[in-house]
Amino acid sequence: RCIVMIDIFQFSNLYTCTSGIQRLHTDKKFQSECVGYICPKKFHSRIISGPQVFRIYATIHPGLSIGNFSVEKKLASYGVDTRRMVTFGIIHGLIRRVHRYPLFTKKSSSGANKIELL
């Protein structure tokens, strides 16, 4: 047994897929484990299927916060707990967090400092 430390979950965080997503596509047992983890126990009817979970993970991209992604994809209507979905994805290498940092680039033509996010 080991302890896996992950970042604090925030709906404003950005995530992207990793190559580990292939396992979710091909391994039916892993799909079932994923659905069982990301859907709270009160949703025993398992509204969402393994292939649907794969499609959800596969559409995560760094241009959209996980909170906005959750609303856009209507994850709650499928019985998916967004926090548990992110936790499962990070622990199993399906997704990773994308960090953004401000970067001072140069003064603009108006003389004001210009800052871009990377």
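1. A disulfide, for the purposes of this note, is a pair of cysteine sulfur atoms within 2.5 Å. The structure discussed here is a predicted model, and a search through the whole of it finds zero disulfides.

2. The case of cysteine 34 can be followed from the distances: the closest cysteine sulfur to its own is that of cysteine 39, and because the two lie 8.2 Å apart, they are too far from each other for a bond. Cysteine 39 is likewise in no disulfide, its nearest cysteine sulfur being that of cysteine 34.

3. As to their surroundings, cysteine 34 has a relative accessibility of 0% and therefore counts as buried. Cysteine 39, with a relative accessibility of 6%, also counts as buried, since the cut-off for that class is under 20% relative accessible area.

4. On the surface, Val4, Ile6 and Ile91 make a nonpolar patch of about 240 Å². Isoleucine 91 belongs to helix 5, which covers residues 82–91, and at 42% relative accessibility this isoleucine counts as partly exposed.

5. Turning to the fold as a whole, the protein chain contains five helices and four strands, and their order along the sequence is β-α-α-α-α-α-β-β-β. Where contacts in the chain join residues at least 6 apart in sequence, 62% of them are between residues at least 24 apart.

6. Finally, on burial and surface for the chain overall, 32% of its 118 residues count as buried, while the exposed area comes to about 7900 Å², of which carbon and sulfur atoms supply 55%.

How values were computed:
Residues numbered from 1 in each chain as written. Predicted model: local features only at pLDDT ≥ 70, side-chain atom pairs only at ≥ 80, totals over all residues. Heavy atoms only, no water. Buried < 20%, exposed > 50% of the residue type's maximum accessible area, 1.4 Å probe, protein only. Patch = residues over 30% accessible without salt bridge, like charges linked within 9 Å, V, L, I, M, F, W, Y side chains within 5 Å. Areas by Shrake-Rupley, 256 points an atom, 1.4 Å probe, with all protein chains shown as cover. Salt bridge = Lys/Arg side-chain N within 4 Å of Asp/Glu carboxyl O. Helix = DSSP H or I, 4+ residues; strand = E, 2+ residues; numbered from the N terminus. Contact = heavy atoms within 4.5 Å.
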